[in-house]
Each structure stands twice: as structure tokens, then as C-alpha cells.
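Dear colleague,

Please find below the structure that I am handing over to you. My notes on its salt bridges follow it.

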Amino acid sequence: MATVSTPKIIIVLILITIAAAYWYGSDTKESLASKYKTRAVERGDIMQTISANGTLTPVVLVNVGTQVSGTVAKLYADFNDQVETGQILAELDPVILRAQLRQSKANLLNAQVALRITENKLKRQQILKEKEFVSTEALEIIAQETEAARAQLAINQAQVERDQANLNYSVIRSPISGVVIARDVDIGQTVAANFQTPILFQIAKDLRQMQINISVAEADIGQLHIGQLINFTVDAYQQRKFSGTVKQVRLNPTIQENVVTYNVVAMVENDDGALLPGMTANIHFVVKQRNDVLRVPNAALRFQPKDTESGESGKMTKSPQQPTVYLLTANRPAPVTVATGITDGNFTEISGDEIKAGDKVILSEVADKKESESKFKLRVF
């Protein structure tokens, strides 16, 4: 078998050495370039917000009930119907109420007759008293009977008015103009108004303007005020942003399991009717806002090179009182002290003489490939 000559072996080894050196050099340059993850300092807007949840409700919501008991005989309104003030919504069966009214009117007539008889009797007794045919005590008795008859007449008149009102209450009318958002009765259903007023309909006055009842934690309530701007979204339109203003910060707290929250009411325009009662709103209160300012990702303020942790470079030591970012200069991190402003959770406002828009700030340090991968080693035998 033929053997490979020594010069050929040497040439092969030289080529392998050159290739290995080139690979190692290119890999080193690439690792230096990709050791740090950076982002350019930019100008933009920052909005500091407080997050909360709330429920959309109509500004004016009226519960329409009945003051009398009875069976629902007719319905004239249904869900989503537009109604006007005084419009008939439903009628209760009036048979019993009409019978009570007729009875009261009959009692009134009886009282009127009784009063007329006692008045005539009183007149005759007064004539007889003038001629001294009857005593004073007899005249006073007749006068007392007359006054009692007048009182009974007044009682019967009041009873007629009450029964007439109850009969009128059997016709349920809308107290406001608006839209019916709930109907809680059906034809044939019996409603009892003995202990509490049953709710038959719910009418919203105007859905073009709505309000949000928001629960805000006590830690954030101090940053809210009347007239403050809010932005919110609803699950039905996740890509659309709505806005409103704070109308009221209610003083009554709600305490559940030692967690204190306050109810904040915000007003919202709903001209296109997209927002519906009962929707859950994901709200952001605008606390502060800065426009066209230098900003960096929050990760840049948290970054600290490994050299600072080992104490090898005293110049890179980060002071907790002085926010510091690191610029990538000649593939090395260079610390720059900055002043910070507001933050929106992703970006923070910064200012300083040593930093400007376009500078590369370091966000994180990428793991070195040489530490995670096995090195290529060349052995010469």
C-alpha cells in the first residue's frame, strides 16, 4: 500500500491550522459584536398611567315598578324599544280594582245621604229650640251626629280617590324618555306589591352618554382628580381605544378582606352606540404625560455589566442614587449618569449632557458562545 509523503502531510496540517485560525478570529469578532443587546436612544411620548377595571352603566337608569298588585294583562314595550315620557308600557288586570272603586263610590253616596238627613234634622231641632220645645242637650246631640256624618263623608271621598288612583296605577307608564334595556315580566304573570315594589322594566335615559363605575386601590386614589383623562378598552373592540374624564371620586370606601378600594365615576361619550351597558372596561388613568422627550427602555436602567459585579472596574460602579445607563463604545460598556423622569412601564424619560438621541444603550448581555459550546481544538501527532 502506498504511503502519503511527509510534505503532503505538512501542507495539509498548515491548511487546517490556517482554517482554524480564521474560524477562531471570525468567531471572536462575531462574539464581540453580539455580546451585548442594544437599542438606540430615541425621542418620543411617555404617558404614566394607573390601571383599573370598571363596568359601563347608563348615566340615568330608572327601575319601573308597580304600586298595586295584579296580573299582567297586556304588554306594550319590549327589550331595546324606544319609549317616551308617559307612554304605556303594560296594563294589569283591572277587574278587582274597578270593583273596589265602585264599592267606594257607593259608600260615598250613602255618606252623602246620611249627611243630608242629619243636616235636615239639625235644622228642625234648631227651630224647635227657638220655641223652647227641645232641650239644649238634645240639640247638641243632633249637632254631633251631623259633624260625624260630615267626617264619614270625607273618609268615603278619600277612599274613592285612593281606589281611583290604584286603578290608574294598573296602567304602567314610562316616567322618562329612553330605551328599554330590561323587561322582567310576561303576560299572565302575577306581581305582588305588598312588601316591596316589583321591578317590571329598566329604562336608560340616554345611551349616547354613559358612565363607568371604577374600583381604584387606596394606593392609587391620591393621584386621581376630577376632570382627569382616562383611556380604556373593552373586550368587544380590543383594537379600539376609548376615552373619557373623571366625574366623581366617591368618599365611601369598600373594604373586602382588608383590601380598601374607592369607587370612581367617569363620563364617556357613546355617540355611535358601540358601548353597551354591563361591558367591562380596562381603564388607564393618565397621571402624567411628556411629549418629544429622550426615552430609553427600562431594561437599560437595570443593566449592569459583569465587570462591575466582580469589582474589576471601579469606574463602572453604579450608584443607587444616580441612575446610570451604559453606552456601547468600542465594543465596551461606558457608564453614563442620567436624570430620570416619568415611566410608562416600558420606557423611562431621561435627560443628561452626555447622552443624545441615536446613542446605543445596552439592554442586556448575551451569553458567550465559547462558554456554551465546546471549543475546537487541534492536536498535532
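Is glutamate 147 buried or partly exposed, and what is its relative accessible area? In this predicted model, glutamate 147 has a relative accessible area of 48%. That value makes the residue partly exposed, because this class covers what falls between buried, under 20%, and exposed, over 50%.

Glutamate 147 is engaged in a salt bridge with arginine 150, and their closest N and O atoms are 2.8 Å apart. Both residues belong to helix α3 (residues 136-169), where a spacing of three residues places them about one turn of the helix apart. Arginine 150 is likewise partly exposed, at 35% relative accessibility.

A further pair consists of arginine 208 and aspartate 206, joined by a salt bridge whose closest N and O atoms lie 3.1 Å apart. Here arginine 208 is exposed, with a relative accessible area of 53%, while aspartate 206 is partly exposed at 30%.

Aspartate 272 forms a salt bridge with arginine 240, with 2.8 Å between the closest N and O atoms. Aspartate 272 sits in the loop between β14 (259-269) and β15 (280-297), whereas arginine 240 is in strand β13 (residues 237-256), so this pair ties together parts that are 32 residues apart in sequence. Arginine 240 is partly exposed, with a relative accessibility of 35%.

Shared partners also produce a network: salt bridges link Arg39, Glu42 and Arg295. In total, the structure contains 10 salt bridges.

Yours sincerely

Definitions and conventions. Residues numbered from 1 in each chain as written. Predicted model: local features only at pLDDT ≥ 70, side-chain atom pairs only at ≥ 80, totals over all residues. Heavy atoms only, no water. Salt bridge = Lys/Arg side-chain N within 4 Å of Asp/Glu carboxyl O. Helix = DSSP H or I, 4+ residues; strand = E, 2+ residues; numbered from the N terminus. Buried < 20%, exposed > 50% of the residue type's maximum accessible area, 1.4 Å probe, protein only.
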